[in-house]
Amino acid sequence: MTVSNTTLQVLAADDVVAKLEALRSRQPVKYWAFYSSQLGGIVTDPALMVIPFDDHMVHRGHGIFDTAGLVDGKIYDLEAHLDRFLLSATRSRLRIPGSRQEIRDIIVKTTAVSGRRDGSIRYWLSSGAGSLELSPAAGAEPGFFVMVFAGLSYPERWYTEGLRVMTTTYPIKAPLYAITKATNYLPNVLMQMEAKEAGFDNGVFIDPAGYVGESSNMNVAFVTRDAVLAHPKFDHILSGCTSLRLLELAHHLQDQGLLKRVEVRDIPVDDARASSEMLLLGSSVKVAPIVQWDAQVIGAGRPGPVARALLRLLEEDMRSGDRLISVPY
């Protein structure tokens with residue numbers, strides 16, 4: 001952006017819309033439908049997918065969000081995501097503009113309007129617009145927003161070759177903020193930027209006690225040398241819906257002899273580095289193998305059998321499991 005010495009133009013409403021359209025035409029956006037409680041409806045033009053600058057979520061970070069996957073015309077695990085969404089709302093002292101069923105219906109109907117059968121659905125809750133004060137504006141109405149978009153994607157080599165992570169120099173969030181899926185992701189952003197600048201794919205937080213935390217916007221888990229799937233406790237990291245589901249699905253691997261048991265516990269860094277496999281888990285990345293942490297090679301330095309098996313189980317669950325909601329297109 002450059003600002004010349006000429007007089008700044010005072011824009012009319014039509015000018016603003018035209019400039020928003022021009023902005024979107026220069027960006028590779030894949031946003032297909034957007035619901036706004038502030039607008040009272042759904043728009044499909046990305047130029048109109050906006051919220052007020054003085055919304056408390058924008059200038060104070062007082063908002064929450066969550067994301068559900070859209071696979072072959074069905075929404076995956078929405079109820080688990082809504083459980084976490086409502087819990088985050090309570091922790092953030094945010095008022096839900098309607099019942100759980102109404103929120104659910106808006107998500108499903110916005111997805112139907114999008115016409116898309118694969119992608120992601122992200123939804124937000126803010127305390128509303130009306131002032132630039134630290135506290136929410138008096139009488140502000142909460143804002144609820146739903147976006148149907150293409151979803152996040154990651155390099156194919158992450159799955160075929162594995163990825164490399166580093167221990168971040170940034171401190172992990174305090175537990176209250178870590179377990180709440182709020183819109184303030186500054187530590188997470190800085191960690192990922194630091195990792196990429198250092199030539200890594202992502203970073204890992206370590207808590208003050210020396211236990212493994214989480215990655216930027218994903219959980220991590222480990223397969224020990226004696227075939228135990230170990231995941232960090234959820235009391236100081238986000239309860240990933242994908243992690244929770246995978247911890248259930250992993251019991252199938254016990255029947256197959258790939259795992260002896262599944263544990264959720266504190267994991268010291270030294271134990272983690274000695275694992276035979278390290279996994280990155282999340283709704284968008286699904287299951288990706290980590291083959292190097294800092295200078296330490298993990299296991300054999302290549303994707304392992306548990307990572308591949310868990311990915312297969314999750315993809316099967318996302319297409320034919322019992323946690324799917326059909327979208328009425």
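In which segment is Gln9 found? In this predicted model, Gln9 belongs to the segment before α1, the helix that spans residues 13–25. With a relative accessible area of 54%, Gln9 is exposed, because the cut-off for that class is over 50%. Once residues up to four places away in sequence are set aside, Gln9 still touches Asp15 and Lys19. A much longer stretch of sequence separates Gln9 from Ile206, for these two residues stand 197 residues apart along the chain, and their C-alpha atoms are 50 Å apart in space.

Further along the chain, Leu48 sits in the loop that joins β2 (41–43) to α2 (56–59). Its relative accessibility is 33%, and Leu48 therefore counts as partly exposed, since this value falls between the limits of 20% and 50%. Leu48 is in contact with Leu39 and Val43, leaving aside its neighbours within four places in sequence. Between Leu48 and Phe34, which are 14 residues apart along the chain, the C-alpha separation is 8.6 Å.

Thr111, in helix α4 (residues 100–114), is a buried residue. Its relative accessibility is 0%, so Thr111 meets the criterion of under 20% for a buried residue. The side chain of Thr111 reaches the backbone oxygen of Ile107 at a distance of 2.8 Å. Beyond the neighbours within four places in sequence, the contacts of Thr111 are with Leu70, Ile75, Arg116, Ile121, Val148, Val327 and Tyr329.

From single residues we can turn to the nonpolar cores. In soluble globular proteins, nonpolar side chains tend to be buried together. In this model the largest nonpolar core has 27 residues, and those with the most contacts inside it are Leu229, Leu246, Leu253, Leu259, Val287, Leu310 and Leu314. At least two residues of this core come from each of β9 (219–223), α8 (241–249), β12 (277–282) and α11 (305–320). Helix α11 gives the largest share, with eight residues. Leu246 offers a local view of the packing, as it is in contact with Leu281, Lys286, Val287, Leu310 and Leu314 when its neighbours within four places in sequence are left aside. Another core, of 24 residues, lies apart from the largest one, and among its members are Trp32, Ala68, Ile121 and Tyr123. Ile121, a member of this other core, is also one of the residues in contact with Thr111.

The enclosed spaces come next. How many cavities of 30 Å³ or more does a search of the whole structure find? The search finds three, and the largest cavity holds about 90 Å³ of space. Its lining is made up of Gly69, Tyr76, Asp77, His81, Cys241, Thr242, Ser283, Leu314 and Met318, which divide into four nonpolar, four polar and one charged. Helices α8 and α11 each supply at least two of these lining residues, and both helices also supply at least two residues each to the largest nonpolar core. Leu314 appears in both settings, being listed among the residues with the most contacts inside that core and also among those that line the largest cavity.

Finally, the second largest pocket has a volume of about 360 Å³. Of the 14 residues that line this pocket, Ser92, Leu176, Tyr177, Thr180 and Ala182 lie nearest its centre. By residue class, the lining of the second largest pocket divides into four nonpolar, six polar and four charged.

Conventions
Residues are numbered from 1 along each chain as its sequence is written. This is a predicted model: local features need pLDDT of at least 70, side-chain atom pairs count only at pLDDT 80 or more; totals for chains, interfaces and linings use all residues. Side-chain values use heavy atoms; hydrogens and water are left out. On a 1 Å grid over the protein atoms alone, a cavity is a set of points where a 1.4 Å probe fits but cannot get out, and a pocket is an open set with protein on both sides within 12 Å along at least five of seven lines; lining residues have an atom within 4 Å of a point. Grid points are joined across faces, edges and corners, and a volume is the space filled by probe spheres set on the points. Ala, Val, Leu, Ile, Met, Phe, Trp, Tyr, Cys and Pro count as nonpolar, Asp, Glu, Lys and Arg as charged, and the others, Gly among them, as polar. A nonpolar core is a set of buried Ala, Val, Leu, Ile, Met, Phe, Trp, Tyr and Cys residues joined through side-chain atoms within 4.5 Å. Buried means under 20% relative accessible area, exposed over 50%, partly exposed in between (1.4 Å probe, protein chains only). Helices (H or I, at least four residues) and strands (E, at least two) are DSSP runs, numbered from the N terminus. Contact means heavy atoms within 4.5 Å. A polar contact is a pair of N or O atoms within 3.5 Å; within protein, one must be able to donate a hydrogen and the other to accept it, and residues adjacent in sequence count only if both atoms are side-chain atoms.
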